[in-house]
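Grab a pencil and work through these exercises with the structure open beside you. Try each task on your own before you read its solution.

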Amino acid sequence: MFERFTQAARAVVKGAFEHAERTGAATVSEEHLLLALLDREDTRAAAALRGLCPPERRPAVAAALADARRRAGLSRADAEALEGLGIDVGAIVARVEEAHGRGALAGDRRDAGWWSGRRSFSREAKTVLEKSLRIALARKDREIGDEHVLLALTTTGGVVAEVLADHGVTYTSVEAALSAPVAR
């Protein structure tokens with residue numbers, strides 16, 4: 001599948017590995033793919049993201065992702081569903097962090113180690129990459145670009161899609177931004 005990736009999409013994957021490396025994560029997650037997309041400047045996906053989520057709102061995106069990481073990757077919807085069952089995720093996070101330190105539920109701790117020095121994709125990140133292929137095929141595009149990765153991130157559900165939607169980045173809005181004429 002990677003042979004069908006454009007140079008921009010390959011740069012996103014490489015950037016995701018770099019984000020995982022910097023944070024000490026054992027796997028490359030969909031969050032890392034999003035962070036790598038946010039780093040890009042000169043691609044179709046970057047232009048769409050810039051229009052939908054301007055750079056001054058990016059710290060809020062990063063903060064929302066970090067907050068979800070502290071909740072062991074639970075989305076707000078998951079936390080609300082558990083709250084409906086009488087489980088206060090915020091209280092659980094606070095007690096665990098009180099006993100084990102901030103970010104204890106985030107997983108992928110630097111000192112955890114892994115058997116090989118090479119990171120792999122998380123199940124969710126693999127799903128995003130597979131969906132990007134399906135989206136490219138459905139759009140009758142010959143290659144998989146970073147815009148397909150962005151579109152796939154909006155459809156996966158979970159934390160990343162929730163954070164993107166909170167900032168106005170949905171499948172529909174990305175498609176509209178990609179279809180808009182490029183201002184020069």
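The expected span of a helix is 1.5 Å times one less than its number of residues. Helices (H or I, at least four residues) and strands (E, at least two) are DSSP runs, numbered from the N terminus. Keep in mind that this is a predicted model, where local features need pLDDT of at least 70, side-chain atom pairs count only at pLDDT 80 or more, and totals for chains, interfaces and linings use all residues. Residues are numbered from 1 along each chain as its sequence is written, and side-chain values use heavy atoms, with hydrogens and water left out.

**Exercise 1. Check the span of helix H1, then find which of its residues are buried.**

Step 1: Start with the length. Helix H1 covers residues 7–23, and its 17 residues should span 24 Å at 1.5 Å a residue. The C-alpha atoms at its ends are 24 Å apart, which agrees.

Step 2: Now sort by burial. Buried means under 20% relative accessible area, exposed means over 50%, and partly exposed is in between (1.4 Å probe, protein chains only). The buried residues of H1 are Ala-8, Ala-9, Val-12, Val-13, Gly-15, Ala-16, His-19 and Ala-20. They cover an arc of only 160° around the axis, so they sit on the same side of H1. (The arc is that of the directions from the helix axis to the C-beta atoms.)

Step 3: Look at the other side of H1, where Gln-7 and Lys-14 are exposed.

Step 4: Ask what does the covering. The cover over the buried residues of H1 includes strand S1 (27–28), helix H2 (30–39), S2, H7 and helix H8 (146–155).

**Exercise 2. Find the aromatic pair and work out its geometry.**

Step 1: Here's the rule. Rings of Phe, Tyr and Trp (its six-membered ring) pair if their centres lie within 6.5 Å; planes under 30 degrees apart count as stacked, over 60 as edge-to-face and the rest as tilted.

Step 2: Apply it. The structure holds 1 aromatic pair. The ring centres of Phe-17 and Phe-121 are 5.2 Å apart and the planes are at 70°, so this pair is edge-to-face.

Step 3: Place the partners. Phe-17 is in helix H1 and Phe-121 is in strand S2, so the pair ties together parts that are 104 residues apart in sequence.

Step 4: Compare with the burial cut-offs. Phe-17 has a relative accessible area of 28%, so Phe-17 is partly exposed. Phe-121, at 15%, is buried.

**Exercise 3. Is Ser-122 buried or exposed, and what does it touch?**

Step 1: Locate Ser-122 in the loop between strand S2 (120–121) and helix H7 (123–138).

Step 2: The relative accessible area of Ser-122 is 10%, so Ser-122 is buried.

Step 3: Contact means heavy atoms within 4.5 Å. Leaving aside neighbours within four places in sequence, Ser-122 is in contact with Thr-27, Val-28, Ser-29 and Glu-30.

**Exercise 4. Describe the largest nonpolar core.**

Step 1: Pin down the term. A nonpolar core is a set of buried Ala, Val, Leu, Ile, Met, Phe, Trp, Tyr and Cys residues joined through side-chain atoms within 4.5 Å.

Step 2: Pick out the best-connected members. Of the 41 residues in the largest nonpolar core, Leu-33, Leu-34, Leu-37, Leu-65, Leu-150, Leu-153 and Val-169 touch the most other members.

Step 3: See who contributes. Among the elements that each supply at least two residues of this core are H1, H2, helix H3 (44–52) and helix H4 (58–70). The largest share, 6 residues, comes from H2.

Step 4: Zoom in on one member. Not counting residues up to four places away in sequence, Leu-150 touches Leu-37, Ala-45, Ala-48, Leu-49, Val-169 and Val-174.

**Exercise 5. What is unusual about the backbone of Lys-140?**

Step 1: Recall the general trend. Most residues other than glycine have a negative phi.

Step 2: Check the angle. Lys-140 has a positive phi of about 60° although it is not a glycine.

Step 3: Add the setting. Lys-140 is found in the loop between H7 and H8, and its relative accessibility of 73% makes Lys-140 exposed.
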